[in-house]
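Reader: I'm new to this one. Could you show me the structure and walk me through what some of the labels rest on?

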Amino acid sequence: MRLLLMIALAVPCGGTAYEGATGPTTPEIAVVPAPSDPPPTERMRTLERQCRETIPGTTFQEAARALSQVRASIGRYCSVALVGETPLEWRVSCGADALFESGRYALSGDTEGSTPVVTCDGGRNAFACLGRGLRSMLPHVARVDVAVVGHVDQQLPAQARLDCPELKEGWEAVPWSRATNTREAANERLAWCRAARASRALAEGLGSSVHTAAIGNGSRWLDARLDRQGAVDHARALERLRPGDEPPADPPAAANCPNPGSASDEPAAGKCQSARRVDVLVRLEARPSRADTECSRDGATPEDVLFCLEECAARPEQSQSALANPHAFFGSGSTETRVGERFVTRTSGAGAVDVARIDERLGLAAPR
Amino acid sequence: MKLSTCLFALCALAGLAAPAFAQPRCFGGSEPAAAPLTLGDRVRLDSNCQYALDANGPWRSLTNRDTVVDVLAALGWRDGMQATAYGRRTDAPTEVSSVFVDHCTDYVLQAGGAFRVRPGARTDALVVERTSGATSCGVDRIALTFDCQGSGARRATLPIGAQSVELPECGAGWEVQAAAQGEPSYPLGRLAAGGETPLQRRLRDGGTLLRPDWEGERGLRFVPTETDADAWAELRTAFAAGHARLVRKRGATAATACHEESADVVPLVVTGGGVAFDEGWLASAMRDLYGADGVRFAPSLSMLRELADELHLCLAGTYGARGAREGTGLAFAQAASAQELVTRYATAELCVTHVAYDVTPNGLVSHEGARQCVAVSDGALLAANAGAVLELPEGSVACNGNTPIEASEGRVTLSRGLVDVRVGTRGGCATFETASLGRVGVVDPGHDWIPAGLERGGREAPADVPAWSGVFVDDPQSFAFVRRRDDLRFRMTSPEGFASAWNHPARGAATAVGQHAPVVGDESGRFGHARPSAFVTRLTKDATCPVGADDVRTAVPAETVVDGVVHAHLVLDDGRAPRCLAHARFRAREPRVVSTLGRSERRQLRIGFLGDARLGVFFSEPQPAAIGALLPIFYTDLHLKAGFLFEVSVPLTAAIAWEDGRASRVGPALMVAMNWGYPEIAPRLFTFGVMVHAPWPHPDDTVWSFFGGINVTSLIDLLGGR
């Protein structure tokens, strides 16, 4: 009994306190040192060298003079505009119906008995006159690059087997070997032949060989680019419009004819009258002149190269002549004679053709 | 002399000149043509003609305009349009003529042009002078006007006949206009003192320099916004040269911060791809905010955004070649599009499908809970039980400190720890160069919810409830507690870093995470400004999760009668909606129970010493009855339904015989009894049993008796005595 009592009294004293259990931990993120890259001091040096080799201001004066002369000469039939701010890149757009014989690639005045539409001193057509105008620039530039784009949207070729064998010479590769007898193919050939004819006339006017690309934009090129249905929808919405109604939203950009358009364009009816033309992109590459001054510091530290760059940039004449050579459109791109829906050729010796850049500079890039 | 000839002669006398090219039709000539005109060249409009700014129209009549700029102005020409006016006769609308501003005009200020620009005597001053003898492009007939825009707008002119003009410094550059006498002005562009480097030009043009990008070597970096590679190369060099730096100063404008000595310079890692914060600096910023635990998680999106607001990009005004010039201070948030840090994830959500647990002596029993989603832009911080399922936003990863947590189809089953959901970068979980989209503190009730007020000594608990190990067990579903010995007090542990993150003042959380999960009930009133605990324990009579107002009112204190059941609920209040994380069940019992046997709550055999004392009546035949008491020294009982309890015990008994008042039935006995009482109010109040005992000391005592009595402990409880 005594034992039982002792056990019973001892029972409540048997408890213990909680002892914490360890659990999983959240590890710390360790700092990993990461060094900076060396500063691009060599690039700064290159920029400074470029800064000291500037295009002479007289080159711009001459380019502006040539531009005005060309506009005076062919401005009735062609729009001539600068691409960007520099006078070293021109966009010339000439309506084809006035300059070419209908359905043919021959320029008005080419054939005996036909009267030239545009004449100038030494030129019998707009492209030759353009070349004549550019001739004054030859002493001032290292090279002249030209891209000629023929547009013949829905133009019926004079012959289903239209070909221009005499214009297929002189290119890095001939655009086609045998003319197929379909209207569509003939339309594409007509587009290229007009571009080739225009570029030959331009080279004749210039009197010097230039790197040239000839591109033919036939009906199929415009079909792929123009949202004719969008244009139709917009036109219908306009027709249904009643007084007081909210005007419909602008048509999609792809529902417009390629720039520059004209008043006779009716994209809703499938007509882009302005897409019967020849565009010429002219790029003048000026020769930079060597600077006669050097940086007043010799070091190559980041501080030094920035000082030298600023010292060059801060010259007043530099601030006024910051216009640079336009980007080249030869050198990288396609070497094929067929790019998408169009024929693309380049004169012998010219580099690959950057068709996208040409389109972008001419305002022909597909709208987004 | 014809009238037109007279007019041109008069014009020449007046300083205006006849153009070098033949005038086109509608502009003074007879044939359709295009002609360049310099400023001041005369035109003669034709009333039979219409005019337009585009060869396609719209066409309108025009009179009384006599220079090309005048005509252009009348047609609504603006700077940026081609400076060409078209004209056509109404009777020959297809024959369009045009005149345009000679392109030489646009370049008269270029080097080699009709005007020469050279440095002035003072810093950044310019002198514009006419080149002697220059008459081309009609420059001898034009005056130049210079306008300095910005603060303290100024104007200067170079009139016709004047040789030069000195222009003082103009930070924004001079806007130059040219005009022949009496005609509207024609814009020639901008003239700045000294050219600019690519970066200086980029800064003048304004806009953002950088934008956030998560594709850096380690993760977050700020990359140049555009393809101006020269400006970017210059900025990198400027950082290396100390001409560009990033400083941190809260509440200051960039202009003042860049001039203050006390502003902290932020160390950067500048690579060809972009600019990144130094990782050590980020770690230090995290420690400043969160203490030592700050290095267990990445900075949140909102923290980065706020950090960006305190940063300023300071650029030297000059590299030393242009004299003393004021530097440029840019608010980093604007210069680096810091807003994009959060806008990219503005609609992203962090979702957790919760799970709740019953904590039982046999381990955890899970129940699926509700799905909870929060926007990551709010700096989401959730708490969840282990076993909950986390859905990761697209492009994110889940980390526990520096350790990646494996996800399956964008889902992660959570384990205990602080889960940091971060923007997925190349640095993975091992870098600070990322952003935390949200954090989830994952607790495990078996580990973290600790019944700290209970004495231990029972059997070891299963592995999934280590915090409950040693707590006495009453039945397979219930833990035992003894009123006089145990206290239903609970402690709460939480994963490292969780409390730091939760309690950070910037979060403004309504509750705080501490070491307690205090028992709360229906207290009302004001309790000061300290935040209540995020984890609380609520005690109720039933197993329903007590998160409603009514539930709180019915919450019961821990003092309950023997055999009474108390449900404890671990409730999380995260400021959104209180939620039960876990539940445990306790039964009150006598203090000296040494063991329980049985697998069910009902058929539970309890073995103990020193049970409840009873007062009652002993009776047997033929002896007379006696009044007495018994105290079980050893007992075992079995719970039955409806308040019945079967008992076998070894009590000590003592009684006084009813008839003669002599002692009776004194000594040990063996009793088999049935108890009954009203559960929860007065359990086992009545006892009726039969016992075998020592027939001593009353001479009439026999070895057996019946006993009917009242449980003294229950009676005192019923009377409110304890």
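Author: Sure, starting with pairing: two strands pair if DSSP finds at least two bridges between them. Helices (H or I, at least four residues) and strands (E, at least two) are DSSP runs, numbered from the N terminus. This is a predicted model, where local features need pLDDT of at least 70, side-chain atom pairs count only at pLDDT 80 or more, and totals for chains, interfaces and linings use all residues. Residues are numbered from 1 along each chain as its sequence is written, with chains lettered from A and ligands numbered from 1 in the order in which they are written.

Reader: What makes β14(B) and β15(B) a pair?

Author: Two bridges join these antiparallel strands, and at least two are needed, so they pair. Asp264(B) in β15(B) is the bridge partner of Arg248(B).

Reader: Why are β1 and β7 of chain A said to stand at the edges?

Author: Each has a single partner strand, so one side of each has no neighbour in the sheet. The order in this open sheet of seven strands is β1-β2-β5-β3-β4-β8-β7 (chain A), with mixed pairing.

Reader: How do you know that β3(A) and β4(A) pair?

Author: Seven bridges link them in the parallel sense, and the rule asks for at least two, so they count as a pair. Val149(A), for instance, has Ile215(A) of β4(A) as its bridge partner.

Reader: What makes the crossing of α5(A) and α6(A) right-handed?

Author: A crossing is right-handed if the near helix is turned clockwise from the far one by less than a right angle, and left-handed if anticlockwise. α5(A) passes α6(A) in the right-handed way.
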